[in-house]
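Biologist: Please take a close look at one helix pairing in this model. Then place that pairing in its wider setting.

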Amino acid sequence: MTTTATRSVPEASEPTPPDGPRKPPERKRIRPRDFKPSDTALVGITVLSAVCAVWIIFDQLTLLSGVFGFIVVTAVVFLVLYYVLNRQLFGRRVAADRATGALVTMGVMCMIAPLVLLVGYLFVKGLHLLSWHLLTSTQNKVLESCPAGQTCVQPGVFHAIVGTAEQVGFAVLIGVPLGILTAIFLNEIGGRFAQPVRVVVTAMSGLPAIVAGIFIYSIVVIHFGFSGFAGGLALAVLLLPTVTRGTEEVLKIVPNDLREASSALGAPQWRTVWSVVLPTARSGILTAVLLGIAVAIGETAPLLFTVFGSKVTNWNLFNGPQASLPLLIYTSVKSSQSSDVALGYTAALVLFLMVFTVFILARILGSPWLGRTVRSRSNQRMANAAARGVGGGPVN
Amino acid sequence: MAAWCSPTGKTDGHTPVTYSTADLLQRPGGDPTPRLVVTQRTSGDSAFRGISMAAGIFVFVILALIGIFLAIQAWPAFHYMGLRFFTTPEWVPQPQHGHPAEIGIAVAAVGTLIIALIALVIAVPVSISSALFISEYAPRTLFGVIPFKSLLTSVVDLMAAVPSIIYGLWGFLVLEPHMVGISRWISDHLSFIPIFKVAPGTSVFTGSSFIAGVLVAIMVLPIVTSICRELFSLTPLAEREAALALGASRARVIRDVVFPFSKGGMVGAIMLGLGRALGEAIAVSIIISLSFVHNFRILSSGANSVAALIANLFGSGGKLGLSGLLAAGLVLFIFTLGVNTVASVIVSRTRVRPS
């Protein structure tokens, strides 16, 4: 996309007469990409006039209300004004280009806005309850309604964190080796079965989380009852395709020369994979695994019918219902008590911070600066490949 | 050259002997067939290949098991209702007041499609323009230090990683109260469009398909955006530069080069988004108020979706209810599987095109 070519809008220039050199006609260069301070001022003025115009229409004439509607109408008015102004000043081509630019910029704003609002809201509503006490206590004491006039014991989310950690840990224990082995099968071994398996993995990555939940319900929970183990299995089903696709993309870009060099030295294939391919792809695989974990931490639907939820700490993964952070939030939101909803906010904040930490970790491990300082330069490519594989990740 | 590698076995040691490839491939006996390359695998290798292949096949088995076990558990419901399972709107798994038990997913299936369509109608334009911004318009760095482009890409990925329960919580407590005003406005001013009509005197706008659709749109956005962005960045550089050299502006490059090249992939990306929108359970189940009457008035309260139905009604309704929910899950499973497989085939076809 980067190009050094000088672009100018071709205009009808009269052909140079053959006799004698003549000064070529002065061509006015129009580069829509040149954005001068005056253009910034133009944007500012247009925004201002759009806001004013909409305010008059919206507030004074039609008595409409609502911030959202105001913003939408303003955006449309701005776009029209901006196009007309640019057309008057610079012509049709520049106007079309700039209007498109403004449109896609609005698109990206529309996309980022929910994330910003969501995170801001979580922090505003959840931060004041976030404390050491919250992280270390459970909902156990809150089971009995406290008598009036007494300060109630603040509920905590410790039990849910334990549950989530155990379930996700178990899912990683099953899903990650299986996923990496499958990716190795797809990329290093191949053969007749590779293509169907690849199709199946891709199809699985679109598996609705709730289907994974009822599947584990129908094969495990019906016979053995609710347990964290069942939840871990359901999460593993969702984790597996993420890890497999991410790892496969990474293995694909491991240079073939390395494999050939290893084979030429007489290494058997397993040795080549173990000592050459996997270490080369380490950071990329790690990114894939971490992104998979980030998704698995936040899954709610599969846990609904497998771990069931609990208000006390249950350390035993294999016996009895366990709590889990997403499930705790779900029940809190569905509850009508305001104290429950407040706990839900804080639990959501904790959950978001967990996901965010894992996500950032995944990014850092594959980032170019770490690549330069710690490992090889291929890290960034590896991380990109892993993210590409995870791109259409598991579905809720 | 040693004597043993001469084709005839005879050499005087002074005249240089030239060999053709055919000579070298020939076996000593003059047999022209090339020599066979035999790979001798060590036992370690055989074990390694066996284990990896077992893992690959195990993935296959899991998917098959999901289908088989759901089908087994769903059988009582299918057996009881027959094909009417797909046409019955009610969900009454236990006989009530002398009426026999009736379960069906007619409303849920239609409701799922309605919510997914609303989500896509909102998400697709926003996603495509965001992807265009990131791949075509965004400067690589902002003020020379902030890696703007990769930052935006990371933000999109982060949005995809935010748990659906958090979207659900936010959608229920923040989005819905704000959306009610918009719903009312649309129903007041745009009611000449049939789908925006509400029953006269409607005052409740919460729990509608529209609000659920908006929330699902927000969740679908990052998926469609990240795939589209990647597709756009795969547009061959030569074509781009050719267009630029002919004096095209960026808008023209997008229209005449980027879009034609990624048309197929964009369809695939939208279908992957559809797959996600169809399967979304938690956020939808928090937002909607479950109704079992066909409701095509998307702004008024009352909606249904297969995934939300499962999430909401699980554990109620006895044996038939459970079996029915698993049957609904099976239908959802098969449908999303189909959509996703077709979509990934389309996307991967676009991806491998030589650039």
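Modeller: On one side of the pairing, A:S283, A:L286, A:T287, A:L290, A:L291, A:I293, A:A294 and A:I297 of α11(A) make the contact. Their partners in α14(A) are A:L351, A:M354, A:V355, A:V358, A:F359, A:L361, A:A362 and A:L365. Contact here means C-beta atoms, placed from the backbone, within 7 Å of each other. Helices are DSSP runs of H or I with at least four residues, strands are E runs of at least two, and both are numbered from the N terminus.

The model is predicted: local features need pLDDT of at least 70, side-chain atom pairs count only at pLDDT 80 or more, and totals for chains, interfaces and linings use all residues. Residues are numbered from 1 along each chain as its sequence is written, while chains are lettered from A and ligands numbered from 1 in the order in which they are written.

By class, this contact has 14 nonpolar, two polar and no charged residues. Nonpolar covers Ala, Val, Leu, Ile, Met, Phe, Trp, Tyr, Cys and Pro; charged covers Asp, Glu, Lys and Arg; the others, Gly among them, are polar.

Now the geometry. Two packed helices are described by the angle between their axes and the distance between the axes. Helix α11 of chain A spans residues 282-297, and helix α14 of chain A spans residues 338-365. Their axes come within 8 Å and cross at roughly 170°. Axes are lines fitted to C-alpha atoms, for helices over the stretch in contact, with angles from 0 to 180 degrees between N-to-C directions. α11(A) and α14(A) are therefore roughly antiparallel. The cut-offs are under 35 degrees for roughly parallel, over 145 for roughly antiparallel, 65 to 115 for roughly perpendicular, and oblique for the rest.

Next, a pairing between chains. Helix α6 of chain A (residues 194-204) and helix α2 of chain B (residues 43-81) have axes that come within 9 Å and cross at roughly 50°. That angle makes α6(A) oblique to α2(B). From α6(A), the contact uses A:P196, A:V197, A:V200, A:V201, A:A203 and A:M204. B:G56, B:V59, B:F60 and B:L63 of α2(B) meet them. The classes are nine nonpolar, one polar and no charged.

Across the whole interface, 87 residues of chain A contact 86 residues of chain B. Helix α3 of chain A (residues 92-126) gives the most to the chain A side, with 17 residues. That side divides into 60 nonpolar, 21 polar and six charged residues. As for the partner, chain B has eleven helices and two strands.

Technical notes: Contact = placed C-beta atoms within 7 Å.
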